[in-house]
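Me: Please take a close look at one part of this model, the largest nonpolar core, and follow it outward into the elements that build and cover it. A connected account is better than a list.

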Amino acid sequence: MTTARRAKNPGMLASQAGRPDLELQVLESAGGFYIGTASEDGPYTRESQEYFRTRSRAQGALDQGTWTQKEYL
């Protein structure tokens with residue numbers, strides 16, 4: 001039996017969806033920058049409720065833990 005590696009800073013929603021190996025990171029969409037996870041196929045989950053105007057603001061929120069976790073996919 002193979003077990004998936006667990007990310008150092010996994011996304012809660014990604015983990016609930018069976019992907020505990022996906023790290024939280026800053027991603028971009030048409031709505032702005034957000035905190036989420038991505039797989040080899042592209043974005044997987046949006047974990048933050050917020051969208052941020054800049055990548056640096058999103059990264060700062062991720063680094064400092066000053067963002068709000070979405071509860072549902």
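Reply: The model is predicted. Its largest nonpolar core has 9 residues: Leu24, Val26, Phe33, Ile35, Phe52, Ala58, Ala61, Leu62 and Trp67. Two elements, strand S2 (32-39) and helix H2 (55-64), each supply at least two residues of this core. The most comes from H2, which gives 3 residues.

The helix is a convenient place to begin. Ala58, Ala61 and Leu62 are the residues of H2 to consider here, and they are buried. Viewed down the axis of H2, the buried residues fall within an arc of 100 degrees, so they line one face of the helix. The general geometry is in keeping with this: an α-helix has 3.6 residues a turn, so residues three or four places apart point the same way. On the other side of H2, Ser56, Arg57, Asp63 and Gln64 are exposed. Just after H2 comes glycine 65, with a positive phi of about 70 degrees.

As for the cover over the buried residues of H2, strands S1 (25-29) and S2 are included in it. Valine 26, a member of the core, shows some of the detail. Apart from neighbours within four places in sequence, valine 26 is in contact with Ala58 and Leu62, and also with Phe33, Tyr34, Arg55 and Gln59. Among these partners, Phe33, Ala58 and Leu62 belong to the core as well.

From the core, the account can be carried along S2. This strand pairs with strand S3 (residues 42-46) in the antiparallel sense, over 4 bridges. S2 and S3 form a hairpin, with 2 residues between them. Within the pairing, glycine 36 stands opposite arginine 46 in S3.

Threonine 37 also lies in S2. Its relative accessible area is 0%, so threonine 37 is buried, the cut-off being under 20%. The side chain of threonine 37 makes a polar contact with the side chain of threonine 45, at 2.6 Å. Leaving aside neighbours within four places in sequence, the contacts of threonine 37 include Pro43, Tyr44, Thr45 and Glu47. Other partners of threonine 37 are Gly11, Ala14, Leu22, Glu23, Leu24, Gln25 and Leu27. One of these, Leu24, is a core residue.

To draw this together, H2 gives 3 residues to the core, and S1 and S2 are part of what covers the buried residues of that helix. S2 in turn pairs with S3.

Note on methods
Residues numbered from 1 in each chain as written. Predicted model: local features only at pLDDT ≥ 70, side-chain atom pairs only at ≥ 80, totals over all residues. Heavy atoms only, no water. Core = buried A, V, L, I, M, F, W, Y, C linked by side-chain atoms within 4.5 Å. Buried < 20%, exposed > 50% of the residue type's maximum accessible area, 1.4 Å probe, protein only. Contact = heavy atoms within 4.5 Å. Arc of directions from axis to C-beta. Polar contact = N/O pair within 3.5 Å; in protein donor to acceptor, adjacent residues only side chain to side chain. Pairing = 2+ DSSP bridges.
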